Amino acid sequence: MASEDLHAISADWLKSLEVASSTGDVMSFVNHFVSDGWFRDLLCFSWDHRTLSGLEKIRGYLSDIVDGKSRLERSSLRDFKIDDHTINAPSPFKLPGLQGIEGVQGAFTFSITNPAAFGRGFFRLTQDGDGKWKALTLFTNMQDLVGYEESLTDQHGLYEGRTITWEEDVDARFRAIEADPTVLIVGGGQSGLMCAARLRRLGIRALIIEKNARVGDCWRQRYPNLTLHTPAYQSSVLYDPYPINFPKYIPKGKLANFLESYAVNQELCIWLSSTITSTPMYDSLSARWTIEVQHGDQKVILNPKHLVLATGSGSPHIPTWNGMGDFTGPLYHSDFHTDAEQFRGKRVVVVGAGNASADICQDFVAHGAAEVTLVQRSATCVVSIAAMEKTRFKQVYPINTPIEELDFRSNSMPIAFSLQLTKSGGIKHMKMLDQEFHDDLRKAGFNLTWELSPGSGEVGLDGFLFSRLGSGTMLDIGCGKLIIEGRVKVKQGQDISHFDKGGITFKDGSKLSADVIVLATGNEPIMKTTRALLGNEITDRLHPPEVWGLDSEGELNQTYRPSGHPGLWFAVGPFGAARFFSKHLGLQILARELGIA
C-alpha cells in the first residue's frame, strides 16, 4: 500500500474520531472500533491505567459519569494530528497469530481539555466486514500537563545574571530536597534511579534512600558471571544511553558502575547506607508520611507526601525441607553465590531451573566442579538467545531507532491482547526457531512448557514476564548446551522429600549426593516484602492480590499506578518498565500536588 493511501486512511479515520471525541458522542466514538476491538488508556480519561476489550466495555468506560459528565465529554480530547515526523508515522502492520491480522498503524497527538494536558495516541486499523476501516486497538496516553511540561535542559553556571555556580546550585537543591522531600524513594536500583530522574525533570523533590554503601551494589553484589539477558539498547536507562562501545549484554559490574555514574550525571539526591528503621505511619489529614530513617550514624524523621517502593523483586525465597540443618556442606540461596572456584572438584546440586540456576550451573562448570546437577521441580519456559535475537530484540527494539518511540509503540499494544495473539499461534514461530534445541533438551530429561498452567494456553516468555516477573523462565545463553552435552545433569519429575548430611532424598526414594547445594528458588512475593516494611494495617489496604502480575483487564497490578493506599506507589520490573512508566508515576504525583487528581 502506498504511503499516500496509508496517510489518507489514517487521516479520514482520525478526523471522524475527533468529531466524536470533541462532541462527547460516546456511541459514535465506540463505533470507530471493530466489534472485538481493544482500548488502552493511560491517564487520559481517568487517573489510572485501564484496558477495555469489546464495544460494551469500551462504551461503559467512556460513559461513566465523572463530575456530572461522561468520561468522554469531561476529558474532551481534541486537536488530533497524525504524527508524521517519527518512526511511528502511518505504516502497514501484520500481527502474529493464526488470524494473520493486517492493517494500518500510526501515532497521533491531541490535547486534553480536563485536565489541561497534551496527549499522544496510537491506532491499529483493520477493515471490518463491510470494508470500513476501524480500530483494532486504540491507545491514548497523557504526555504532559499544560504549564508543567517535563524539562529536558538545565541552566547552570554564571550567565544571564545568575550569581551561583553549578556546584552551588546542585548543593542548594539537594539541601532543599533533604529538608522537605515531596517523594521518598526506597531503593536505588535502576527503577528508583529512573523514577527520581523523571521526577526531577517534572520539578518534584525526590530523595532516594539506598541500603547499600554504593549505588549499583544491588547488581555489583550478585553472582560473578551475571550479565543482562537483554541487549544493552533494549535495557537503556532514561535520558542517558549506554556508550556505543558497551558490550551487547552488559556484565553486572559494568552495569553497576554505569548506574553509579548515572546517579551523579542526573544529579540525584541519594542517601546511601540508609534504611527505614520502624513502621512508617500515614496521616490522612496532612496527607504526609512519618518515616524514621537510619542515615549513617543518625536517625532522621522524614515527612514526605509520597512513598515509592523500588525495592526490586523481593527477598530471597528459601523453601524449608526436613533435614536441611543436617547437610554437612555449604547450603545457600543463589542470591548469595559469589565464588564457584572454591568448589572446584566438588559435586554441586542446584535446586531450580530458571535463569539464575542456569547462570550458576555455567559458573560451576567453568570453574571445574566435578559434577553439576540441576534439580527441575516444574517445567520451564525456555527460549534461546538466538531465537530472541531474530524475533523480539531486532523486530521490536531495533538499534539506531529512538528508544522513546519504540517504548511508545510497544506499550500501545494492550498486554492482554498481545498474550491472546500469542496463544492463537504467535508462539509458533519462536518455537520453530528453537525446535532442534528444545528436542535435544527433552532428550536430556529437561521438561519444557509455554503455559502458565496446564491447558491455559501458550503465552511464552512474555506471559511469564507479565504474570510472574519472569519466574519459571530461562532465556538461554549457554546452559542449555551444557545440559544437552551432559555436562550439567538434570534431576526432574520428583519432589524433594528431605535433606541429610550427604545430599538430597526425593519422594521416590532416589538420592543425589552433594558437597554443596545452591537454592536457585527465586524471590518472595513483593507483597510479603512490603508487609514486612509497612506492617499489616497499611498493606491490608492495598489492591489484592499482588504487586505486578495482571489484573482482570490486563494491566499490571499496583505498578506505577494507584496502589489502594494514598501516597504509596510501587516501581518494579525490567528496565523498560521504569523507562516508560516513570512518566506516568510522575504525572500522577504531580496531579495530586496540583490538586487535580
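This report covers one sheet and several salt bridges in a predicted model.

## The open sheet

Strands of a sheet pair through backbone hydrogen bonds, in a parallel or antiparallel sense. Here five strands form an open sheet, and the pairing is parallel. Their order is 18-27-19-20-23. Strand 18 (331-333) and strand 23 (489-492) stand at the edges. Each has a single partner strand, so one side of each is left without a neighbour in the sheet. From one strand to the next, the twist averages 20 degrees.

Take one pairing in this sheet. Strand 19 (residues 347-351) and strand 27 (residues 516-519) are joined by four bridges, in the parallel sense. Val-350 has Val-518 in strand 27 as its bridge partner.

## Salt bridges across the chain

Side chains of opposite charge can pair when their charged atoms come close. The structure holds 32 salt bridges.

One of them joins Arg-120 and Asp-83, with the closest N and O atoms 2.8 Å apart. Arg-120 sits in strand 8 (residues 117-127). Asp-83 is in the loop between strand 5 (77-82) and strand 6 (91-94). The two are 37 residues apart. Arg-120 is buried at 8% relative accessibility. Asp-83 is buried too, at 12%.

Lys-248 pairs with Glu-389, again with 2.8 Å between the closest N and O atoms. Lys-248 lies in the loop between helix 7 (217-220) and helix 8 (252-265), and Glu-389 in helix 10 (residues 385-396), so the pair ties together parts 141 residues apart in sequence. Lys-248 is partly exposed at 44%, whereas Glu-389 is buried at 13%.

Technical notes:
Residues numbered from 1 in each chain as written. Predicted model: local features only at pLDDT ≥ 70, side-chain atom pairs only at ≥ 80, totals over all residues. Heavy atoms only, no water. Pairing = 2+ DSSP bridges. Axes fitted to C-alpha atoms, helices over the stretch in contact; angles between N-to-C directions. Salt bridge = Lys/Arg side-chain N within 4 Å of Asp/Glu carboxyl O. Buried < 20%, exposed > 50% of the residue type's maximum accessible area, 1.4 Å probe, protein only.
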